[in-house]
Amino acid sequence: MASKQTLQVQQKRELEKKQETTIPARVFMPNADIYEDEDALTVVLEMPGVDKGNVEVSVEDGVLNVGGRLDFSKYQGLQPLYTEYNIGHYSRSFSLSNKIAQNKIAAEMKDGVLLLKLPKIEEAKPRTIQIK
Amino acid sequence: MITAFADPFEALLNLQRELDARLASDWLQDLTTSRGPFPPINVFQQGDDILAIIELPGIDSNDLQIQAKENTIRISGKKSVVYPNRVSVHRRERVFGEFDRTLTLPVNLDPDRVKAEYRDGILALFLPRAESDKPRTIKIN
């Protein structure tokens, strides 16, 4: 982008679920980027503060559920003085179309960013038609 | 001081409540000189020292500069989001761009002992208070 715009701060969006949770903690929706190329759909989620072991990705009934849990033990004994954002666990769900090969989903996590690769089934990949 | 609760979920809920309550805190008065509000910073106190926690997922440590001086901290850098070529974007929610933010604290720091740690997208700055800034008790003769 040629012009330098100031970065806007996005307030975290709280998750609105149809069912209540049994844990009295706040859950936020991580920011997601979704892009598509020929072979796969890629979903990138930002979950700062979550390490690899605390991420849960599962597919159930054609719905992709992503969850990330924060480790709050680091905040023990800290007294908040000035805060600009809140912290909590992360959760977001996406419904998958049947064009995704649900058993071949791959996930990678680095620096709080989760990269999910959802490969398309063979029939959904674009095919060029030869002209005789 | 936050005391240790027997129920860990209580502690978590209390922490989130306190964070919300201080969103309107004027502890920094009008001293936060910033060029733009990004990235959002949380400042905690640990004993005499200050801990600043900033969420910056997906940053390369080469793109990040931190400078400390008497009572200011400056965090600047570039958050970039890279896509491969020839992709069709369905949704774009992540922010990216350059940022430069200066935080002026009402206490003096010891710049030599400032420590920064970047892990899992969280930048934690440990800011120890300068020895000269700590109050000294005075004995009465």
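A residue counts as buried if 20 or more other C-beta atoms lie within 10 Å of its own, as exposed if 12 or fewer do, and as partly exposed in between, with C-beta atoms placed from the backbone. The model is predicted: local features need pLDDT of at least 70, side-chain atom pairs count only at pLDDT 80 or more, and totals for chains, interfaces and linings use all residues. Residues are numbered from 1 along each chain as its sequence is written, and chains are lettered from A and ligands numbered from 1 in the order in which they are written.

**Exercise 1.** Classify B:Arg119 as buried, exposed or partly exposed.

Solution. Locate B:Arg119: strand β8 of chain B, residues 115–119, contains this residue (a strand is a DSSP run of E, at least two residues, numbered from the N terminus). Then count: B:Arg119 has 13 other C-beta atoms within 10 Å, so this residue is partly exposed.

**Exercise 2.** Describe the side of chain A that touches chain B.

Solution. Take contact as C-beta atoms, placed from the backbone, within 7 Å. Chain A then contributes 42 residues and chain B 51 residues. On the chain A side, β3 (31–36), β4 (40–46) and β7 (79–82) each supply at least two residues. β3(A) gives the most, six residues. By class, 20 residues are nonpolar, 13 polar and nine charged (nonpolar: Ala, Val, Leu, Ile, Met, Phe, Trp, Tyr, Cys and Pro; charged: Asp, Glu, Lys and Arg; polar: the others, Gly among them).

**Exercise 3.** Find the strand of chain B that is joined to β3(A).

Solution. Strands pair if DSSP finds at least two bridges between them. Four bridges join β3(A) to β6 of chain B (residues 88–92), running antiparallel. Within β6(B), B:Arg91 is the bridge partner of A:Ile34.

Technical notes: Two residues are in contact if their C-beta atoms, placed from the backbone, lie within 7 Å.
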